[in-house]
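Colleague: Got a minute? I'd like to go through this model with you.

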Amino acid sequence: MRILGILLLSGFFAAGGFAFGELFRQRYKDTKFLLSLCIHLSREISYSGKNLKSCFSSYPDSKRAECLAFFQKREFEHAFKGLHIERSLKEELLLFFRTLGSGDKEQEEQRCRRMIALLEQEESKLCSGIKEQIRVARTVGVCIGGVLLLLLL
């Protein structure tokens, strides 16, 4: 029974390292999703003249349908609950989406450009170290699990 507990404990830490690695990957994917969404909204606002609800509904990502449904209903807090992004970036995005649609076309385009620049900066920051962060998280988890296994056996 003791050996089983030790194996489970060390397996838990190893799996935790892989889970943290996936959180880093998901954060990068969510940032890319929001960047492409803002680029799409900027194009729709600039060229089509559609209302915001139809701009969100015309976004071509079917994997994020639930999140896009919250965006269409203007329930941005619920939409961001399912996304893994930094708190400061989340606050900036909430402010951006809440004020979206309240100004004229030039103001909307300017807001979109600012948000796109911010998201591109965040995406490049995440892109530069994503593979290393995933590798480190996995390695640390496996090492901690291995050390516990060696110490407790």
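Colleague: What does the accessible surface of the protein chain come to?

Modeller: About 9,600 Å² (Shrake-Rupley method, 1.4 Å probe). Carbon and sulfur atoms hold 59% of that surface. Keep in mind that this is a predicted model: local features need pLDDT of at least 70, side-chain atom pairs count only at pLDDT 80 or more, and totals for chains, interfaces and linings use all residues. Residues are numbered from 1 along each chain, and side-chain values use heavy atoms, without hydrogens and water.

Colleague: How many helices and strands?

Modeller: Six helices and zero strands. Both are DSSP runs: H or I with at least four residues for helices, E with at least two for strands, numbered from the N terminus. The radius of gyration, over C-alpha atoms, is 21 Å. The globule rule (2.2 Å times the number of residues to the power 0.38) gives 15 Å for 153 residues, so the chain is more spread out than a compact globule.

Colleague: And what box do the C-alpha atoms fill?

Modeller: Roughly 70 × 30 × 25 Å along the principal axes.

Colleague: New topic. How far does H1 reach?

Modeller: Helix H1 covers residues 2-48 and reaches 66 Å from first C-alpha to last. That is close to the expected 69 Å (1.5 Å times one less than its number of residues). Just after H1, Gly49 takes a positive phi of about 75°.

Colleague: Is Leu9 buried or exposed?

Modeller: Leu9 is partly exposed, at 34% relative accessible area. Buried means under 20%, exposed over 50%, partly exposed in between. Leu9 sits in helix H1.

Colleague: What share of the 153 residues is buried?

Modeller: Buried residues make up 36%.

Notes: Buried means under 20% relative accessible area, exposed over 50%, partly exposed in between (1.4 Å probe, protein chains only).
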